[in-house]
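Student: Hi! Could we go through this structure together? I'd like to start with how residues get sorted into classes.

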Amino acid sequence: MRKTWVLTGAAVLVAVSATGGVVAMFSAKQATAAAQEPPANTATVERGRLSDLVSQYGTLTYRARSDGSPYSVINRARGIYTKLPGGGDRVDCGDVLYRVNDNPVLLLCGSTPAYRSLSEGDSGPDVTELNANLVHLGYATRAQLDPSSHDFSSETASALEKLQSNLGEDQTGSLDLGQAVFLPESVRIAKPTGELGGSAQPGTQVAQATSDTLEVQVNLDPSQQGEVKKGNRAQITLPGNKSATGKVDRLGRVAQVPAGQNTNAGAATIPAYISLDDPKAARGLDQAPVQVEITTKGVESALSVPVTAIVGRSGGGFAVEVVRVGGQRELVVVKPGLFDAAGGRVQVVQGDLRQGDRVVVPSP
């Protein structure tokens, strides 16, 4: 009675037959007797790419900072909040983000936060961000204003006056602290934290925000951190059994413990963030659970057999039963390598096998 073995990495699990028998260990004498058995069900020894997978559940979420935390929208104006964005609102760079005393506070793109008023004669990275925004928004051409310039020039003031005129504001040609918030990109409001009609105090948070691009967050066991690498390809199963593809965009550096399990070190996980090749395919599915399969490694030209062809040898080790020309069966000692879970095949790294050989497998 033939039994099958299933390999997972270096571990080998014994599977009993459908009749409930025990695993049979093959010897050289049994190989001779096998030659007299009826024609066997066989599969072909193949050469090609094999891949290993890490399979995990994940969650669709909107991309934020590299560690998964949202952007903080920090107010620098003083007065009363007269208009605030709502959760889920998209705000592009150059748009009004909120209002204080009915005066607009703009969202501008840049990684350096607003920390001072800007006027002609100033210089620095915050001025570079302002120049780049004014050119990007069309208030000056590149010929008129160098978007990479560190200097607040008369051209900067002229472009800023055009922006202020468009907003219906006084055309001062300078940017007071509190008139703009700088964030790295256009955002989606995740959570408003300011209160309409409440006091706007400098240094307080108005809202939490993310990008408008969906990604998948997967929490890996720390033992999987060495397997999963940036750039690994991923297959994502969305709600409704729809499929999407992506790749590992970044990995968290610090293990996280779920709330309420602070004393359980075994519950710690490493977050991995997967960018979608087509984020629009997941539109409207924020916080939806998904199934993720990450291809962690592979062999381009592996000699392989179906995992069900692997049998145990008496005395230890593994073998496959090969059907030679004329129907004679021969037990060939092999050393298994990479296990391809998706394809149900296992690499043979040692053994007298060749591409095209036929190996015995259980009947379907």
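Tutor: Happy to! Ala, Val, Leu, Ile, Met, Phe, Trp, Tyr, Cys and Pro count as nonpolar, Asp, Glu, Lys and Arg as charged, and the others, including Gly, as polar. Keep in mind that this is a predicted model.

Student: Thanks. How do those classes split in the lining of the second largest pocket?

Tutor: That lining has eight polar, seven nonpolar and four charged residues.

Student: And how much space lies in that pocket?

Tutor: The second largest pocket holds about 260 Å³. Of its 19 lining residues, Thr61, Tyr62, Gly68, Gln217 and Gln287 are the closest to the centre.

Student: Which strand gives the most to the lining?

Tutor: That's β4, with five residues. At least two lining residues come from each of β4 (46–62), β11 (187–192) and β14 (214–220).

Student: Back to Gln287 for a second. Where is glutamine 287 found?

Tutor: Glutamine 287 sits in the loop between β17 (270–276) and β18 (289–306). Its phi is positive, about 70°, although the residue is not a glycine.

Student: New topic: what is phi of asparagine 241 near?

Tutor: Phi of asparagine 241 is near 60°, again a positive value in a residue other than glycine. Asparagine 241 belongs to the loop between β15 (233–238) and β16 (242–251).

Student: Is asparagine 241 buried or exposed, and why?

Tutor: Asparagine 241 counts as exposed because its relative accessibility is 65%, and the cut-off for exposed is over 50%.

Student: Great, that helps!

Notes
Residues numbered from 1 in each chain as written. Predicted model: local features only at pLDDT ≥ 70, side-chain atom pairs only at ≥ 80, totals over all residues. Heavy atoms only, no water. Helix = DSSP H or I, 4+ residues; strand = E, 2+ residues; numbered from the N terminus. Buried < 20%, exposed > 50% of the residue type's maximum accessible area, 1.4 Å probe, protein only. 1 Å grid on protein atoms, 1.4 Å probe; cavity = no way out; pocket = protein on both sides within 12 Å on 5 of 7 lines; lining within 4 Å. Points joined across faces, edges and corners; volume = space filled by probe spheres on them.
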